[in-house]
Amino acid sequence: MDPATFDQDLARLDADLRARRESLERRKKVEKELAEVRLRIEAVKQRVATAQEIGAADLCEAATKLLSSLVDDEVRLVAIAGTRAASAPSAPPKPAAPKPAAAPATARVAPPRVADPVPAQPSVAAAAAKEGPPPAPAPIEPHAPSAAEPAAKEPLPALVSPSAETQKMPTPKVPEEDMAASREVKAAAEGLVEEVEGSIKSLTAEPPELRNTRFHIWSFRWRLLRERAEKELPSAMGILSWAYAQLMEARKSVPEVPFLRAFNPKERGDWPKELADAEALLSKLRLKHRPPRTRAVEVFARRKEEQTKAVQRDQEAFDALNRLRAVPVNFCLPEDPEGVNAFREAARGCMPFVKRIASDLRLTCGPYRDLIEGDEFEEIWTVDTKPAAQEKQRPAGEPQEARKTWTRRDLIGRMLRRMLAKKEIGGKHTEVHNLYQGLPDHVRGDAKEGVEMLIKEGILRRKPTTKDEHVSIEPSAVRIVEDLIEGRPLPPSIARWLEEAPVAR
């Protein structure tokens with residue numbers, strides 16, 4: 001074989017091998033990109049389903065647009081893969097025809113050497129003609145397999161219609177434990193939004209530091225839910241985006257709330273620890289900004305609670321009495337043994353309330369007294385139902401204050417108690433002579449001296465006006481006023497004046 005021809009055949013073979021290798025690499029790259037696009041399509045499908053489930057129309061529309069662009073990418077990749085498969089050579093190039101061996105000129109130019117025992121190597125073209133053409137690479141698009149191509153390798157499915165292909169793609173099933181965790185995260189996000197919406201009206205009246213601490217706690221809770229969903233529960237990302245939008249709207253509706261670090265996805269931090277620190281700070285701020293509870297408010301709350309308990313006890317007592325009254329109606333007493341047992345049980349249920357319903361209880365049990373004999377029911381017949389002895393009425397012309405010995409603590413406590421009840425603190429003031437209303441004439445001198453002492457000690461604030469002098473309680477002295485009313489220890493200067501001497505009768 002001519003060396004020049006051999007070199008040409010060898011170079012052609014190397015070019016074919018490089019072309020096949022590059023085609024195979026491009027095919028693998030296209031297949032990899034196509035697989036990634038299809039995985040993204042599956043993920044966007046889940047987002048669309050979640051948005052439809054929670055009724056988020058804007059999120060659903062955005063996810064649908066993203067899905068449409070991904071389907072276009074899929075069509076483009078399949079088209080590129082099909083074009084490359086079609087442009088690939090289906091058969092190797094034909095080898096150059098061998099030159100006739102009997103040509104005299106060629107024999108004279110390169111005669112075989114007799115002394116050389118090495119046999120002549122067969123040419124590349126002759127070997128290719130003898131062994132047959134090599135098998136063609138499998139294309140990406142489906143086609144009819146040739147005789148030399150094995151049918152074991154399946155081609156990639158052709159994309160007929162993007163919408164049909166998208167609808168045919170099955171949605172992967174989420175495991176049961178992931179579904180339960182996803183429902184838990186969604187419920188936590190909804191509860192967080194409800195808590196924020198329920199508190200938004202009262203936040204405007206709170207101090208800024210207390211209000212900002214609440215928003216920090218809500219942002220930390222949202223960030224913890226988001227990080228959990230990013231790692232384990234991608235189906236819950238839709239409702240967390242909705243919760244983020246609601247929290248941002250609430251933040252904008254309240255003044256002086258700074259941007260929250262937890263809402264920035266680039267921020268990194270120990271969010272559980274920061275949440276615990278913020279909750280501890282919130283407890284301290286609540287104690288710091290707690291409104292002062294006056295003595296009158298405490299007394300009113302306690303009286304209200306006692307009234308509620310008394311009404312409940314009365315209701316329980318009359319319910320037990322009605323059950324006792326129903327027994328003779330439903331049973332034939334005293335002949336029915338079952339009715340006798342029911343009557344005794346109902347009477348036993350009335351015993352805790354015997355002092356409240358003694359007269360009604362005697363009236364109901366009178367005809368059947370022989371059925372409830374014994375020490376257990378003896379109190380029904382022996383309890384005293386007469387009202388307590390009334391106080392002796394004082395003479396009509398004698399006022400109540402005249403019979404009482406007033407002390408300086410009594411005078412000051414009565415005046416300050418009235419001011420606390422009317423919340424005359426700080427900017428809300430009253431005329432001085434209103435403090436002396438209802439006091440006997442013989443103690444008004446000490447009352448005026450006490451008012452001057454309280455003004456001097458900084459307990460009361462004086463506000464001069466054109467008509468009359470007004471006073472109010474200093475906000476910083478509310479605790480001292482409560483101590484004085486309750487009888488607790490006081491500053492030495494005030495305690496000394498109160499204990500100097502009692503007021504004459």
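Contact here means heavy atoms within 4.5 Å. The model is predicted. The exercises below go from the whole chain to single residues.

**Exercise 1. Describe the protein as a whole: its elements, its burial and the sequence range of its contacts.**

Solution.
- Start with secondary structure. The protein has 17 helices and three strands.
- Next, burial. The chain has 505 residues, and 30% of them count as buried.
- Last, contact range. Take the contacts between residues at least 6 apart in sequence; 68% of these join residues at least 24 apart.

**Exercise 2. Classify the packing of H7 against H9 from the angle between their axes.**

Solution.
- Two packed helices are described by the angle between their axes and the distance between the axes.
- Helix H9 covers residues 271-288, and its axis lies 9 Å from that of H7. The angle is about 155°.
- Apply the cut-off: angles over 145 degrees count as roughly antiparallel. H7 is therefore roughly antiparallel to H9.
- Add the handedness. The crossing of H7 and H9 is left-handed.
- Now list who meets whom. The H7 side includes Leu210, Ile217, Phe220 and Leu224. The H9 side includes Trp271, Leu275, Leu282 and Leu285.
- Sort the contact residues by class. There are 11 nonpolar, one polar and nine charged. Among the charged ones are Glu209 and Arg214 in H7, and Glu274 and Lys288 in H9.

**Exercise 3. Do the same for H7 and H8, giving angle, handedness and residue classes.**

Solution.
- The axes of H7 and H8 come within 10 Å and cross at roughly 165°.
- Because angles over 145 degrees count as roughly antiparallel, H7 and H8 are roughly antiparallel to each other.
- H7 passes H8 in a left-handed crossing.
- H7 contributes Phe215, Trp218, Trp222, Leu225, Arg226, Ala229 and Glu230 to the contact. H8 contributes Met237, Leu240, Ala243, Tyr244, Leu247, Ala250 and Arg251.
- By class, this contact has 11 nonpolar, no polar and three charged residues.

**Exercise 4. Asparagine 212 and glutamate 256 are in contact. Decide for each whether it is buried or exposed.**

Solution.
- Place asparagine 212. It sits in helix H7, residues 208-232.
- Its relative accessible area is 16%, so asparagine 212 is buried. The cut-off for buried is under 20%.
- Beyond its neighbours within four places in sequence, asparagine 212 contacts Glu256, Val257 and Pro258.
- Place glutamate 256. It lies in the loop between helix H8 (237-253) and H9.
- Glutamate 256 has 59% relative accessibility and so counts as exposed. The cut-off for exposed is over 50%.
- Check the backbone. Phi of glutamate 256 is near 65°, a positive value in a residue other than glycine.

**Exercise 5. Find further backbone features at lysine 423, glycine 487 and proline 334.**

Solution.
- Lysine 423 is in the loop between H14 and strand E1 (430-431). Its phi is near 55°, positive although the residue is not glycine. Lysine 423 is exposed, at 56% relative accessible area.
- Glycine 487 follows just after H16 and takes a positive phi of about 85°. Within H16, Val478, Val481, Glu482, Asp483, Leu484 and Ile485 are buried.
- Leucine 333 and proline 334 are joined by a cis peptide bond, with omega about 0°. Proline 334 belongs to the loop between helix H10 (295-330) and helix H11 (337-350).

**Exercise 6. Locate the residues that touch the most other members of the largest nonpolar core, and the elements that supply it.**

Solution.
- In soluble globular proteins, nonpolar side chains tend to be buried together.
- This core has 31 residues; Ile412, Leu416 and Leu460 touch the most other members.
- Two or more residues each come from helix H14 (408-421), helix H15 (444-456), strand E3 (470-473), helix H16 (478-486) and helix H17 (492-498). H14 gives the largest share, six residues.
- Follow leucine 460 outward. Beyond four places in sequence, its contacts include Leu416, Val451, Leu454 and Ile473.

**Exercise 7. Trace threonine 50 to its partners beyond four places in sequence.**

Solution.
- Threonine 50 is in helix H1, residues 3-54. It is buried, with a relative accessible area of 6%.
- It touches Lys186, Ser235 and Gly238.
- Compare C-alpha positions. Threonine 50 and proline 234 are 184 residues apart along the chain, yet their C-alpha atoms are separated by 9.9 Å.

Methods
Residues are numbered from 1 along each chain as its sequence is written. This is a predicted model: local features need pLDDT of at least 70, side-chain atom pairs count only at pLDDT 80 or more; totals for chains, interfaces and linings use all residues. Side-chain values use heavy atoms; hydrogens and water are left out. Helices (H or I, at least four residues) and strands (E, at least two) are DSSP runs, numbered from the N terminus. Buried means under 20% relative accessible area, exposed over 50%, partly exposed in between (1.4 Å probe, protein chains only). A nonpolar core is a set of buried Ala, Val, Leu, Ile, Met, Phe, Trp, Tyr and Cys residues joined through side-chain atoms within 4.5 Å. Axes are lines fitted to C-alpha atoms, for helices over the stretch in contact, and angles run from 0 to 180 degrees between N-to-C directions. Angles under 35 degrees count as roughly parallel, over 145 as roughly antiparallel, 65 to 115 as roughly perpendicular and the rest as oblique. A crossing is left-handed if the near helix is turned anticlockwise from the far one by less than a right angle, and right-handed if clockwise.
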